[in-house]
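The exercises below work through one protein model, each with a task and a stepwise solution. Please keep the sequence and the coordinates open while you read.

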Amino acid sequence: MPSSLSQKDFLDRTELERLQLERLQRIVHHAYEHSPFYTKAFDAKGLKPEDIRTLSDIVKLPFTQKTDLRDNYPYGLNAVPRSEIVRLHASSGTTGKPIVVSYTKGDLEIWSETAARCFLMGGISNEDIAVIGYGYALFTGGMGAHQGMERAGATVIPMGGGNTEKLCMMIQDLGITTICCTPSYFIHLMEVAERLGIDLRKSTLKHGFFGAEPWTFEMRDRMEAGTGIRAHDIFGLSEIMGPGVAGGCGTRNGPHIFEDHYFPEIVDPETGEPLPPGQEGELVLTTLDKWAMPLLRYRTHDLTALHYDKCPCGRTLVRMEPIRRRCDDMLIVRGVNLFPSQVESLLLSIKGIVPHYEIVVTREGAMDDLEIRVEVTPEVFGDQVSALELLRNGISGKSKGMIGINAKSSLVEPGAIARCDGKTKHVIDKRFK
Ligand code: DLL
């Protein structure tokens, strides 16, 4: 029930650590004994499950990388017989084989529990009507948010991505209070509503749970100002479970990780050495009680820092800084380090631009070229050439100052930039193809 679920966010730290250790020891035994991949990895290090005596012994465990999941496709990391697996999801890889994730019935229960705790944290109750705009099918977004919302007690509308005009109508007709979707999709919804003459500020919509891709505070402000909703952060990844590994509370001090199920560490992305609290590095997660496909010290590639000081909301769960970038999406262009989030901030500082963009890097001889391609609203796109020219100049003119590189810019029509599972792929690096 909702209230008892939320209480788990407030466990005394000593009690929480006792629970974490008990679960860690259990999952390590399970992985070693039942997952051929981990048996091999432990044996290679001369490690036995009994060597994990304290929580800090976690550093003795081998890392697990995305490539391990690809190399052992599809079932090589599973630790239960196929007959106990009740669901499969898969990641949205654009090339090669996807990553397949397996769940037992118990795993699905934990997943819906942590997703529900995320929604309850944001203030959802059985008074709410929630529409799920994340894609269903193989992507974990739709099913994960769906089962979490039901567990939180809300009335759930399984809409999926697309059909935005119908969604606008349903928001008005059904009294929808809550939407779960990617930030890019929500921006698209705002544009469609505007085109249809619908003022979302006057609608029943109150909450948005946004995740699956990095988004900036500027983006959050734009979404809240344009619709009057409260934008909540929901973080997760398919390999670990799906949406609901962490969620934001009312104080906006960074999402709380549901540490009783997902154990976080921060390591130096280059060396793999553990970093102290407060320092930014790569997030590494261990599933403490995911039975079908336990993952030990999984390298997420997401960059963040952890804060263990008590949150004003009273929750004892550690907070992570919102994910704004990944260690694998940093570009080095003409020697300058560049993350897509910097480009997003640049674009959002210009009026009339919607943050659907892609960064295209090419190389002519020894010289790198950076182009920012941005979608503009149909109105702007159909507008006079001089207005478009003004926007283009605005982007190029600000680029040196804000991102350190002179960039070309081009404006494209709405929908021209590809999405996958509602997420926008922001970087096209043509230099190394
Ligand atoms: O995106 C699961 C999810 C669905 C999360 C719906 C939240 C909402 P994947 O497709 O495996 O799973 O992608 C995981 O997306 O490693 C991050 O880089 C990014 N990501 C997820 N949530 C957030 C967020 C789902 N709230 C990858 N903020 C992760 C920033 C996020 N990045």
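**Exercise 1. Describe the interface of domain 1 and domain 2, beginning with its area.**

Solution. Start with the area buried between domain 1 and domain 2, which is about 1700 Å², with carbon and sulfur atoms giving 56% of it; buried area here is the accessible area, taken with a 1.4 Å probe, that two parts lose on being put together, summed over both. On the side of domain 1, Glu191, Arg222 and Arg325 lose the most area to domain 2, and together they make up 28% of what that side buries.

Before going further, note that this is a predicted model, in which local features need pLDDT of at least 70 and side-chain atom pairs count only at pLDDT 80 or more, while totals for chains, interfaces and linings use all residues. Residues are numbered from 1 along each chain as its sequence is written, and side-chain values use heavy atoms, with hydrogens and water left out.

Next, fix the bounds: domain 1 covers 1-325 and domain 2 covers 331-429, as set by an automatic or database domain assignment. Their C-alpha centres lie 29 Å apart, and 19 residues of domain 1 are in contact with 18 residues of domain 2, where contact means heavy atoms within 4.5 Å.

Then count the polar terms. Between the two domains there are 6 residue pairs in polar contact, both residues at pLDDT 80 or more; a polar contact is a pair of N or O atoms within 3.5 Å, and within protein one must be able to donate a hydrogen and the other to accept it, with residues adjacent in sequence counting only if both atoms are side-chain atoms. The side of domain 1 that touches domain 2 receives two or more residues from helix H8 (183-195) and from helix H9 (217-227), and H8 gives the largest share, 5 residues. Helices are DSSP runs of H or I with at least four residues, strands are runs of E with at least two, and both are numbered from the N terminus.

**Exercise 2. How many salt bridges are found across the interface of domain 1 and domain 2, and how many does the structure hold?**

Solution. Apply the rule first: a salt bridge is a side-chain nitrogen of Lys or Arg within 4 Å of a carboxyl oxygen of Asp or Glu. Across the interface this gives 0, whereas the structure holds 32. For one example, the side chains of Arg195 and Glu165 meet in a salt bridge at 3.6 Å, N to O; Arg195 belongs to helix H8 and Glu165 to helix H7 (residues 164-174), so that the pair links distant parts of the chain, 30 residues apart.

**Exercise 3. Which residues come nearest to the ligand?**

Solution. Of the 20 residues around the ligand, the nearest are Asp233, Ile234, Ser238, Asp302 and Lys423, a residue being near if one of its heavy atoms lies within 4 Å. Turning to atom pairs, a backbone N or O atom of Ile234 lies 2.7 Å from a nitrogen atom of the ligand, and for a backbone N or O atom of Ala212 the distance to a ligand nitrogen is 3.0 Å. A side-chain N or O atom of Arg326 is 3.1 Å from an oxygen atom of the ligand.

**Exercise 4. Where does the cis peptide bond lie?**

Solution. The cis bond joins Tyr73 and Pro74, with omega about -5°, and Pro74 sits in the loop between helix H4 (66-71) and strand E1 (87-90).
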